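This report covers the surroundings of a ligand and the residues that a database record links to binding. It then turns to the domain layout.

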Amino acid sequence: MHQVERAIFDLRRGLPVVVIAGDTHVLVQATEGTAEASVSRLADLAGNTPSLVLSRHRLAALGESDTRGSARLPLPAGTGRRRLVDLAFGLSPELALGRDELAECRRSLAPAQPADRAALALMRRALLIPAALVARVGEAQRPAVEARLAEGAWLAVRADQAERCLEGGIGMLQQVSEARIPLAEAFDCRFILFREADGLREHVAVVIGEPGKDNAAVPLRLHSACLTGDLFGSLRCDCGEQLRNAVADIQALGGGVLLYLAQEGRGIGLANKLRAYTLQDSGLDTLDADQVLGFGEDERHYGVAVDILDALSIRRVQLLTNNPGKMAALTEGGIEVVERQALYGSLNDHNRRYLSAKSERAGHLLDAVFESDQDPATGS
Ligand SMILES: Nc1nc2c(ncn2[C@@H]2O[C@H](COP(=O)(O)OP(=O)(O)OP(=O)(O)O)[C@@H](O)[C@H]2O)c(=O)[nH]1
Ligand SMILES: [Zn+2]
């Protein structure tokens, strides 16, 4: 997997990487941050017309609703940066491209090959827009590509390894360091830092008190990072309040654990969350905005949380959440969720639409938040 990690860095820097599937070498490059002439440059390097690999969520946003997987769209020669962005993550591709051209694009879609799926997995892991420029390397260009690999200018990764990069290195989490940190809401706290095998992401377990002493279910909060809400108190979400309430609730329950997970923006990363916010300002809700960018409604994987709980010898929990998906993920990972405790922030004019989309479309258990909102006795 070492090559895969290095490839992720190259892709984030805008360099091409070579994905090898069987006998085929495919040049892969990120779509975001591409230069005007990227498509023709890639065509020259590979000796073949590049395609754009789009996720099934982006395809759905383009009106291709019956697709089951990602697909590859051949790009006309001379496709420029603007057109690439319109196709990969533009808000109104039918306006930008025109209805007929969009229909033509949809007709020319081809099912994704292993190298294409590997390219998309790399983009996701790199927290880039999940759309990839790909070009199959022709026979004539192969020696030049191999020369660049040999001199270390480019990296090569195997498609099957790259496809697995989203799984993380299961069971390879490293417990790195820890310290006592008293918090305003809970004095007796230890912060324990865990690093994923590839060194790309770090997660923190905040252990409050001495949980699990008496074999009781451990009060547990899985909290996905939200820089804007947790740190700055953004009113667009309820994360900051939930974070502080979770610490206070765990303390009141006699101690437990809060996992602060590096899953900014439900796993799409801060750059994409900011893009999604801008899309929401033009009328989309939180799920549709992520879909325009090519993401599913929730891109988080909780394998890392299960690994941390294993490292802390926690098997039975009382989970503080409104998200049934978190309960299911823990159960699937072999953790017994004995009980759920709701955990709310408060409603305001800026987060109302966000919370109602989570409640109505993503199945989060937030009825109580909206009921109290409508209750005249509360004055809100
Ligand atoms: N993509 C995206 N992510 C968002 C948006 N608003 C908040 N988030 C992210 O959503 C995540 C919320 O995390 P949590 O509060 O742990 O999880 P949850 O799914 O709301 O579930 P519970 O709070 O446990 O009920 C954080 O990673 C935020 O950064 C948004 O509009 N778009
Ligand atoms: Zn938030």
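S224 touches L261, Q263, R266 and R300, leaving aside residues up to four places away in sequence. The model is a predicted one. S224 belongs to strand β11, and it counts as buried because 21 other C-beta atoms lie within 10 Å, where the cut-off for buried is 20 or more.

T286 can be set beside it. This residue lies in helix α13 and is buried, with 25 other C-beta atoms within 10 Å. Its contacts, with residues up to four places away in sequence not counted, are Q280, Y354 and A357.

| Residue | Element | Other C-beta atoms within 10 Å |
|---|---|---|
| S224 | strand β11 | 21 C-beta atoms |
| T286 | helix α13 | 25 C-beta atoms |

Both residues appear in the UniProt record, an unreviewed entry, under "binding site". The record's list for this feature is R221, L222, H223, S224, A225, Q242, E264, G265, R266, T286, T321 and K326. These positions span 106 residues of sequence and are also spread in space, with up to 22.6 Å between C-alpha atoms.

Around ligand 1 there are 22 residues, the closest being S224, C226, T321, N322 and N323. By class, this shell holds seven nonpolar, ten polar and five charged residues. At least two shell residues come from each of β11 (218–224), α11 (239–252), α12 (270–281) and α13 (286–292).

On the level of the protein chain, the domain assignment gives domain 1 (2–164) and domain 2 (174–263 + 300–372). The centres of domain 1 and domain 2, taken over C-alpha atoms, are 36 Å apart.

Key. Residues are numbered from 1 along each chain as its sequence is written. Chains are lettered from A and ligands numbered from 1 in the order in which they are written. This is a predicted model: local features need pLDDT of at least 70, side-chain atom pairs count only at pLDDT 80 or more; totals for chains, interfaces and linings use all residues. A residue is near a molecule or strand if its C-beta atom, placed from the backbone, lies within 6 Å of it. Helices (H or I, at least four residues) and strands (E, at least two) are DSSP runs, numbered from the N terminus. Ala, Val, Leu, Ile, Met, Phe, Trp, Tyr, Cys and Pro count as nonpolar, Asp, Glu, Lys and Arg as charged, and the others, Gly among them, as polar. Domain bounds come from an automatic or database domain assignment. UniProt positions are given in the numbering used here, feature names are shortened, and annotations may be inferred rather than shown by experiment. A residue is buried if 20 or more other C-beta atoms lie within 10 Å of its own, exposed if 12 or fewer, and partly exposed in between; C-beta atoms are placed from the backbone. Two residues are in contact if their C-beta atoms, placed from the backbone, lie within 7 Å.
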